[in-house]
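Hi,

Here is the structure I promised to send over. Have a look at it first, and then read on for what turned up.

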Amino acid sequence: MSKALGVSSKICVDEMGNIIKPDYLTDSSSKLLTRHGLRHIRFHDLRHTCASLLLKNGVPMKQIREWLDHSDLSTTANIYAHLDYNSKLNSAQAMMTGMSAALITVG
C-alpha cells in the first residue's frame, strides 16, 4: 500500500486514466463469450485452467504458486495437488522399481 497515496499500488486504469472497476473483467469476458457464441464460464475459472495446464505441462508447484500469487505453497497444493497425475505415475513407477529390486534380491 502506498503511504503517500493511501491506496493500493495494484490499481488498473483504462486508456483515459479512469480506475477500472473490479467487475470490469468479469462483465467484459461474459459479453465477449456471448458475442462469439461460446459457453459461459466465470472469468476466475481461467485462473484455474491456467494453473491446471501449467501443472499438466510439468511446471513445478512452487512456480505455479508464484504465478497465481498465492501467499503460501500449501494453498496452491491444496487446490491443485489432485491434478498432479504425472507425479502419481512417477511415484507408482518408483514403487514398482523398488519392489522389483527387492523381489530380485530376495529371490
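Let's start with a pair of helices: α2 and α3 cross in a right-handed way. Their axes come within 10 Å, at an angle of roughly 160 degrees. Angles over 145 degrees count as roughly antiparallel, so that is how α2 lies relative to α3. If you want to find the pair in the viewer, α3 covers residues 61-68, and α2 is 43-56.

Before you go further, keep in mind that this is a predicted model.

Now the overall picture. The chain has five helices and zero strands, so to speak a plain α-α-α-α-α order when you read from the N terminus. Of the 107 residues in the chain, 9% are buried.

The other thing to look at is on the surface. Which residues make the nonpolar patch there? They are Tyr24, Leu25, Phe43 and Leu46, and the patch comes to about 370 Å². Two helices, α1 (24-35) and α2, each give two or more residues to this patch. That brings us back to α2, the helix that is roughly antiparallel to α3.

One patch residue deserves a closer look. Tyr24 sits in helix α1. Is Tyr24 buried, partly exposed or exposed? Its relative accessibility is 45%. Buried would need under 20% and exposed over 50%, so Tyr24 counts as partly exposed.

Cheers

Technical notes: Residues are numbered from 1 along each chain as its sequence is written. This is a predicted model: local features need pLDDT of at least 70, side-chain atom pairs count only at pLDDT 80 or more; totals for chains, interfaces and linings use all residues. Side-chain values use heavy atoms; hydrogens and water are left out. Patches are made of residues with over 30% relative accessible area and no salt bridge: like charges are joined within 9 Å, nonpolar side chains (Val, Leu, Ile, Met, Phe, Trp, Tyr) within 5 Å. Accessible areas come from the Shrake-Rupley method with a 1.4 Å probe; for residues, only the protein chains shown count as cover. A salt bridge is a side-chain nitrogen of Lys or Arg within 4 Å of a carboxyl oxygen of Asp or Glu. Helices (H or I, at least four residues) and strands (E, at least two) are DSSP runs, numbered from the N terminus. Buried means under 20% relative accessible area, exposed over 50%, partly exposed in between (1.4 Å probe, protein chains only). Axes are lines fitted to C-alpha atoms, for helices over the stretch in contact, and angles run from 0 to 180 degrees between N-to-C directions. Angles under 35 degrees count as roughly parallel, over 145 as roughly antiparallel, 65 to 115 as roughly perpendicular and the rest as oblique. A crossing is left-handed if the near helix is turned anticlockwise from the far one by less than a right angle, and right-handed if clockwise.
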